[in-house]
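Welcome, and thanks for taking a look at this one with us. Below is a short briefing to read alongside the structure.

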Amino acid sequence: MSDRLFIFDTTLRDGEQVPGCQLNTIEKIEVARTLEALGVDVIEAGFPVSSPGDFQSVVEIAKAVSHPTICALTRAVEKDIDVAAQALKFAKRGRIHTGIGTSSYHIFNKLNSNPDEILDRAVRAVKYAKRYVEDVEFYCEDAGRSDNAYLARVVEAVIKAGATVINIPDTTGYCLPSEYGAKIKYLMENVSNVHKAILSTHCHNDLGMATANSLSGVINGARQVEVTLNGIGERAGNTSLEEVVMAIKTHHDLPYHTHINTKGIYEASRLVSSLMNMPVQANKAIVGRNAFAHSSGIHQDGVLKNRENYEIIDPADVGIKESAIILSARSGRAALNHHLGEMGYTLSKEDLDDAYSRFLVMADERKNVNENDLAELMGDHELETQSVELELLQVLAGKSTTPMATVHLKIKGESCAATAEGNGPIDACFNAVKKLIKQKFSMEEFLVQTLTRGSDDLGKVHVQLQHQGKMYYGFGANIDIITASVEALVNALAKLV
């Protein structure tokens, strides 16, 4: 059996089913091209029969990308398959992904049918799809809760009918890794023609085990993994592309390999997060902003001595420039000395001990300590004044009004003002601020959180900026979310300027 693992990305289909995460066709093409550059083998571009927009997106994605196989989802219904085939007519390599439920829950409760009829419908759907494309994938919906013996009957029948890939979804995220792996192993050992097709995993994260289940499936014989960027998807999400790929890359004892260019993972993650307006949780594995951040003194000392003491992945391998050493009351002397050294300060052991004692008092008061705080700690008042302060903010916005904002800032002690328009009030404010800041920067993350409930709730905003390869973080909190957003941007810029 080959150790080549195929990556099937369903960000644009299963991932887009998340409420509020719908993309237009132009945005879908941008994501598809990013997935192509990342090296995914299959892009599930949509469910063409579900809407005219989804149909058109599959058509345009098929035109826009060359290397990945373009896949379209259908039910085991002839009309669905007809529409999918039409949507795939421009694909250089097209795949129809059809299927039906195989668990007792789906057979009796959802489909009001019986096992023999479901088996017959499955075979007919595959044979019908083969009229259009050679590459047909069949999904056994809710396979995670399906009886293994019946599942094997269905798999054997659809392979005989011409299916080239068999998807074994843990649709509800129910399985334990041992259960799911055993299910794949059972199929490998009990389906006589299994060697004529590829078994695929499609695991959901309802119990937080999607990645573990997928890897267990691979170890037991599956050779395609169905994933999404950032693990987005129905309910608690799908198996995360970055987690599966990096787990395989990190564990050298695993013989499997993919064609993913891992250095593009972080950029792809940020693109999907931005376009879908779905922030990546800070502690998300691989791509969360804290994935390579260290605040514990023991960890910081270890990382500064040798990164591998506390990091199993080199941040550069996923497209992140370097680890972050965050200064807080938990930080040690090594981290403080490291940051002071980057700012140009060289301290003796006695001076460092004295600075560290004062640093702990400051950190307890301010929670996180930035470069301006360190300048204050060292008595460098010249650097302290190199900050940005918000003096005045006025915003004009409404249903029939072009959003416009006037911003007054104090930069290095000097007041200045600018007015700008934007696609919304926050965009207008940010455009005005950009007019006043000489340094070029890019917005890497913009996250709004509600801290209290009600129409007068307190909102917290987090922004992450990039300037010359370095990240700058800013925070703001206000009952006016526009003001909080500008305060967060200014807070980040105060560290940059």
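This is a predicted model, and its chain is divided into domain 1 (6–276), domain 2 (293–378) and domain 3 (388–496). It contains a closed barrel of eight strands, and a search of the whole structure finds zero disulfides. Here are the details by topic.

**Domains**
- If you want a sense of spacing, the C-alpha centres of domain 1 and domain 3 lie 41 Å apart.

**The barrel**
- Follow the strands in the order S1-S2-S3-S4-S5-S6-S7-S8 and you trace the closed barrel, in which the pairing is parallel.
- On average, neighbouring strands of this sheet are turned by 25 degrees against each other, direction ignored.
- Strand S2 (residues 42–46) and strand S3 (residues 69–73) run parallel and are joined by four bridges.
- For one bridge to find on screen, start at Val42, whose partner in S3 is Thr69.
- Lying across S2 and S3 you will see helix H2 (residues 52–64), which runs at about 150 degrees to S2.

**Cysteines**
- A disulfide is a covalent bond between the sulfur atoms of two cysteines.
- The search of the whole structure turned up zero disulfides.
- Cys416 is in no disulfide, and its nearest cysteine sulfur, that of Cys429, is 15 Å away.
- Is Cys416 buried or partly exposed? Cys416 counts as partly exposed because its relative accessibility is 25%, and the partly exposed range runs between 20% and 50%.
- Cys21 has 3% relative accessibility, so it counts as buried, the cut-off for buried being under 20%.

Terms used
Residues numbered from 1 in each chain as written. Predicted model: local features only at pLDDT ≥ 70, side-chain atom pairs only at ≥ 80, totals over all residues. Heavy atoms only, no water. Pairing = 2+ DSSP bridges. Helix = DSSP H or I, 4+ residues; strand = E, 2+ residues; numbered from the N terminus. Axes fitted to C-alpha atoms, helices over the stretch in contact; angles between N-to-C directions. Contact = heavy atoms within 4.5 Å. Domains from an automatic or database assignment. Disulfide = S-S within 2.5 Å. Buried < 20%, exposed > 50% of the residue type's maximum accessible area, 1.4 Å probe, protein only.
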